[in-house]
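Open the model in your viewer and keep the selection tool at hand. The tour goes stop by stop, with something to select at each one.

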Amino acid sequence: MPGTDAREAAKTAVGALEFLPHLPELPARGPGADMIGRGAGLLVELFAQTEPSGWRFADRPGRDTRRAHSWLGEDLDALEEFTQGYQGALKLQAVGPWTLAASIELRSGEKALRDPGACRGIAESLTEGLRRHLADVRKRIPGAQPVLQLDEPSLPAVLAGDVRTASGFQRLRAVDRQVAEEVLRNVVSALDVPVVVHSCAPGVPIPLLRRAGVAGISLDFALLTERDDDEIGEAVEEGTVILAGVVPSTDTGMTDPAGSVQGVRTLWRRLGLSPELLGRRVLVTPTCGLAGASPAYARTALSLSARAAQSLVDNPE
């Protein structure tokens, strides 16, 4: 979400999304509030700090770790305030293990992705951190039924060998797809909550994510091609929820909720799927995070998403 006011962001997230409020992230506050910094702050017995080149693992917790913990606590306090008595689904989000490994450098200065042992260590540390995070949320909001979104924008590049080295002059070797799947499966199976994976990059590995046990896949609908049809159709028929990113994530004049999901209806007809499945298998979302939007448009985008989802239920044809 845009801005730096945790209470305002929480009020918007709860007020605009009656059935799926979420814990906002406010990266405009600086290092530690960004996606990678917050993810690093969730790690257990692994610590990271900012360097001129970006995030790098460190021997001990420092200012950046303390700041990440402080901002997460501030965000949770605000969410708790606006969810008094709430019962129902509540979305949390955290950066996934492969994007963390592709983004944080080892002490040597190279991306952790280069070291298979480091990748597994990151995934295990993140899993424990997420367990503790979920327990904290359940204590603060007893009626919540957490849904966890793992943000994996780098996953397609990890699998394709397109992640650049720290120098930027070379690319790291592609991670074996079976290894990537196993690591994700271990994280998903250990958390005992529905897990959604979000990636706003082209080439989201839908079959791999399904085999890893995710409950839903969140993607930018504009990046799909007809080559993705079969994978989407199989996922829907097997019960996977599709979070369709169709509402622009930066300021635009869009005002027609039903029109924004016309592409979803077109895909449904092309795949020959039952219209009744639309309301059960599709959630409507912005195409990606809203941090680059104005606060006013961020509220509009969330409201448009909710109204567009309702239009799929009311008029599935």
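Contact here means heavy atoms within 4.5 Å. Keep in mind throughout that this is a predicted model.

**Stop 1: helix H1**

Select residues 6–16, which form helix H1. Which residues of H1 are buried? They are Ala6, Ala9, Ala10, Thr12, Ala13 and Val14. Now add residues 63–82, helix H3, and residues 295–314, helix H13. The buried residues of H1 pack against both of these helices. Then go to the start of H1 and show Asp5. A side-chain oxygen of Asp5 comes to within 3.0 Å of the backbone nitrogen of Arg7.

**Stop 2: the nonpolar core**

Next, color the largest nonpolar core, which has 92 residues. Which residues have the most contacts inside this core? Pick out Trp98, Leu113, Leu209 and Val264. Helix H5, residues 116–140, gives the most to this core, with 8 residues.

Stay with Val264 for a moment. Set aside its neighbours within four places in sequence. Val264 is then in contact with Phe221, Ala244, Val246, Leu278, Val282 and Leu312.

**Stop 3: Ser125 in helix H5**

Move to Ser125, which lies in helix H5. Is Ser125 buried or exposed? Its relative accessible area is 6%, so Ser125 is buried. Show Leu42, Leu43, Val44 and Leu46 around it. These are the contacts of Ser125 once neighbours within four places in sequence are left aside.

**Stop 4: Glu45**

Now select Glu45, in the loop between helix H2 (35–42) and strand S1 (47–51). Glu45 is exposed, with a relative accessible area of 71%. Check its backbone: phi is near 65 degrees. That is a positive value in a residue other than glycine.

**Stop 5: Thr99 in helix H4**

Go to residues 97–103, helix H4, and find Thr99 there. Thr99 is buried because its relative accessible area is 1%, where buried means under 20%. What lies 3.2 Å from a polar atom of the Thr99 side chain? It is the backbone nitrogen of Ser154. Beyond neighbours within four places in sequence, Thr99 is in contact with Met35, Ile36, Asp151, Glu152, Pro153, Ser154 and Leu155.

**Stop 6: Ser108**

Follow the chain into the loop between H4 and H5, and stop at Ser108. Ser108 counts as exposed, at 65% relative accessibility. Add Arg56 to the selection. Ser108 and Arg56 are 52 residues apart in sequence. Their C-alpha atoms are 9.1 Å apart in space.

**Stop 7: Pro146 in strand S4**

Select strand S4, residues 144–151, and find Pro146 within it. Pro146 counts as buried, at 6% relative accessibility. What is in contact with Pro146, leaving aside neighbours within four places in sequence? Show Leu90, Leu92, Leu134, Arg138, Val193 and Pro194. Then draw a distance from Pro146 to Arg173. These two residues are 27 apart in sequence and 35 Å apart in space, C-alpha to C-alpha.

**Stop 8: Asp192**

Asp192 is in the loop between helix H7 (177–191) and S5. At 71% relative accessibility, Asp192 counts as exposed. Look at its phi angle, which is near 60 degrees. Asp192 is a residue other than glycine, and this value is positive.

**Stop 9: Gly203**

Continue past strand S5 (195–199) to the loop before helix H8 (206–211), where Gly203 lies. Gly203 is exposed, with a relative accessible area of 57%. Draw a distance to Asp230, which is 27 residues from Gly203 in sequence. The C-alpha atoms of Gly203 and Asp230 are 14 Å apart.

**Stop 10: helices H9 and H11**

For the last stop, select helix H9 (residues 229–237) and helix H11 (residues 262–271). Their axes come within 10 Å and cross at roughly 85 degrees. Angles of 65 to 115 degrees count as roughly perpendicular, so H9 is roughly perpendicular to H11. Which residues make the contact? From H9, show Asp229, Ile232, Gly233 and Val236. From H11, show Leu267, Trp268, Arg270 and Leu271. Color the contact by class: it has 5 nonpolar, 1 polar and 2 charged residues.

Methods:
Residues are numbered from 1 along each chain as its sequence is written. This is a predicted model: local features need pLDDT of at least 70, side-chain atom pairs count only at pLDDT 80 or more; totals for chains, interfaces and linings use all residues. Side-chain values use heavy atoms; hydrogens and water are left out. Axes are lines fitted to C-alpha atoms, for helices over the stretch in contact, and angles run from 0 to 180 degrees between N-to-C directions. Helices (H or I, at least four residues) and strands (E, at least two) are DSSP runs, numbered from the N terminus. Angles under 35 degrees count as roughly parallel, over 145 as roughly antiparallel, 65 to 115 as roughly perpendicular and the rest as oblique. Ala, Val, Leu, Ile, Met, Phe, Trp, Tyr, Cys and Pro count as nonpolar, Asp, Glu, Lys and Arg as charged, and the others, Gly among them, as polar. A nonpolar core is a set of buried Ala, Val, Leu, Ile, Met, Phe, Trp, Tyr and Cys residues joined through side-chain atoms within 4.5 Å. Buried means under 20% relative accessible area, exposed over 50%, partly exposed in between (1.4 Å probe, protein chains only). A polar contact is a pair of N or O atoms within 3.5 Å; within protein, one must be able to donate a hydrogen and the other to accept it, and residues adjacent in sequence count only if both atoms are side-chain atoms.
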